[in-house]
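Got the viewer open and the cartoon switched on? Good: here is a walk through the model, stop by stop, with something to select at each one.

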Amino acid sequence: RPHSHPRHPHARTMLPLLLLLLPTAHGLEMLGHPPTLASPSLGGRVTTSTFVLEQPRCVFNDVRGDPVIWLVVALPEAVPNFNNSVGPGTPERAFQGFPSTAPAYMTLNTTLPNYPCPKRPGDITVLRVGSETSCSGDDTRPTCNGPLPGPGPYRVKFLALEGSEPVAETAWSEPITLRTAQAPSSIPVTGSRHSAGMIALTSVLSILFAILLAGLVAMLVFWGSDTCGGSSTFSKPETVTVQRYNTHHVYDQPAGRL
């Protein structure tokens, strides 16, 4: 069997290398530098519907042309088969369909001059993902930066497009999980076995008692001032003089004249 073995023993070794070089052959530059969350010192870095990323400063500087840089937000299971050729604004990349009919969406588009390197003094170098509420249900705004629909997790990357052609991208971020809201009854109370509802009821009753006590004190003060004012008014009663009238000119006349 002269043809039972491949003519080139290293053919199998070269195949994975060719697959890795395939994006570069199509003009797509892999930049590494996966997106990262902002500093933990930033308040509200992760909420129930948003998270804050560091801007991709000094990441796309060597990319030629004038590309538009997009943020891609995807479910983790959509990452392996993500297609860069499906552009923003299409039904497959619309925020309004995420995640039911669109496993990923594209938002926060901007040009490279908005990510200068190094950053200028006073520049805000973070991006809040999920901050727009007005367009979340507007189908005419498929690139809306709307609130995220659940705790996730989510993975993100930055993708540069020259027209509709992908030219550069970062690596995908690590999974980002949002906070979850807790019901009041599930909030633990340190140092006490009372539930949150009991604490709330106690607080309301305490406020009502304080208002009632304040009203009682005000009433006592008012009565006290009124009593003091009354005693000063009648402490020196005026002398009342009653004038007596003599009506003899009526009944002392002789009966014959009446």
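A word on terms before you click anything: two strands pair here if DSSP finds at least two bridges between them. Keep in mind, too, that this is a predicted model.

**Stop 1: a pair of strands**

Select residues 68-74 and 155-162. These are strands S3 and S6, and they run antiparallel to each other, paired over seven bridges. To pick out one rung of that ladder, show Val72 and look across to S6, where Lys157 is its bridge partner.

**Stop 2: the rest of the sheet**

Now bring in the neighbours. S3 and S6 belong to an open sheet of five strands, in the order S1-S7-S6-S3-S4, with mixed pairing. Which strands sit at the edges? Select 29-30 for strand S1 and 104-111 for strand S4: each of these pairs on one side only.

While S4 is highlighted, click on Leu108, which lies in this strand. Its phi is near 55°, a positive value in a residue other than glycine. Most residues other than glycine have a negative phi, so a positive one is worth a click. Leu108 is partly exposed, at 24% relative accessibility.

**Stop 3: zoom out**

Show the whole chain as a cartoon. You should be able to count three helices and seven strands. Going along the sequence, they follow the pattern α-β-β-β-β-β-β-β-α-α.

Next, colour by burial. Of the 258 residues in the chain, 27% are buried. Switch on the surface and you are looking at about 18,100 Å² of accessible area, 61% of which belongs to carbon and sulfur atoms. As for contacts with a separation of 6 or more, 70% are between residues 24 or more positions apart.

**Stop 4: the two disulfides**

Select the cysteines and show them as sticks. How many disulfides does the structure hold? There are two. If you number the bonded cysteines in sequence order, they pair as 1-2, 3-4.

Start with Cys58 and Cys117, whose sulfur atoms are 1.7 Å apart. This pair links distant parts of the chain: Cys58 is in the loop between strand S2 (51-54) and S3, while Cys117 is in the loop between S4 and strand S5 (126-129), 59 residues apart. Check the torsion about the S-S bond and you should get 95°, a right-handed link. Are these two cysteines buried, partly exposed or exposed? Cys58 is partly exposed, with a relative accessible area of 38%, and Cys117 is partly exposed as well, at 35%.

Then move to Cys135 and Cys144, joined with 2.0 Å between their sulfur atoms. The torsion about this S-S bond is about 75°, so this disulfide is right-handed. The surroundings are another matter: Cys135 has 1% relative accessibility and Cys144 has 0%. Buried means under 20% relative accessible area, and both Cys135 and Cys144 count as buried.

**Stop 5: a nonpolar patch**

Select 196-233 to light up helix H2, and find Leu216 within it. Leu216 is partly exposed, with a relative accessible area of 47%. Now add Phe209, Leu213, Val217, Met219, Leu220, Val221, Phe222 and Trp223 to the selection: together with Leu216 they form a nonpolar patch on the surface. Their accessible area adds up to about 960 Å².

**Stop 6: backbone oddities in the loops**

The last stop is for anyone who likes checking torsions. Most peptide bonds are trans, so cis ones make good targets.

- Select Phe98 and Pro99. The peptide bond from Phe98 to Pro99 is cis, with omega near -5°. Pro99 is in the loop between S3 and S4.
- Go on to Gly152 and Pro153. A cis peptide bond joins them too, with omega about 15°. Look for Pro153 in the loop between S5 and S6.
- Finish at His33, in the loop between S1 and S2. Its phi is near 45°, a positive value in a residue other than glycine.

How values were computed: Residues numbered from 1 in each chain as written. Predicted model: local features only at pLDDT ≥ 70, side-chain atom pairs only at ≥ 80, totals over all residues. Heavy atoms only, no water. Helix = DSSP H or I, 4+ residues; strand = E, 2+ residues; numbered from the N terminus. Buried < 20%, exposed > 50% of the residue type's maximum accessible area, 1.4 Å probe, protein only. Contact = heavy atoms within 4.5 Å. Areas by Shrake-Rupley, 256 points an atom, 1.4 Å probe, with all protein chains shown as cover. Disulfide = S-S within 2.5 Å. Patch = residues over 30% accessible without salt bridge, like charges linked within 9 Å, V, L, I, M, F, W, Y side chains within 5 Å. Salt bridge = Lys/Arg side-chain N within 4 Å of Asp/Glu carboxyl O.
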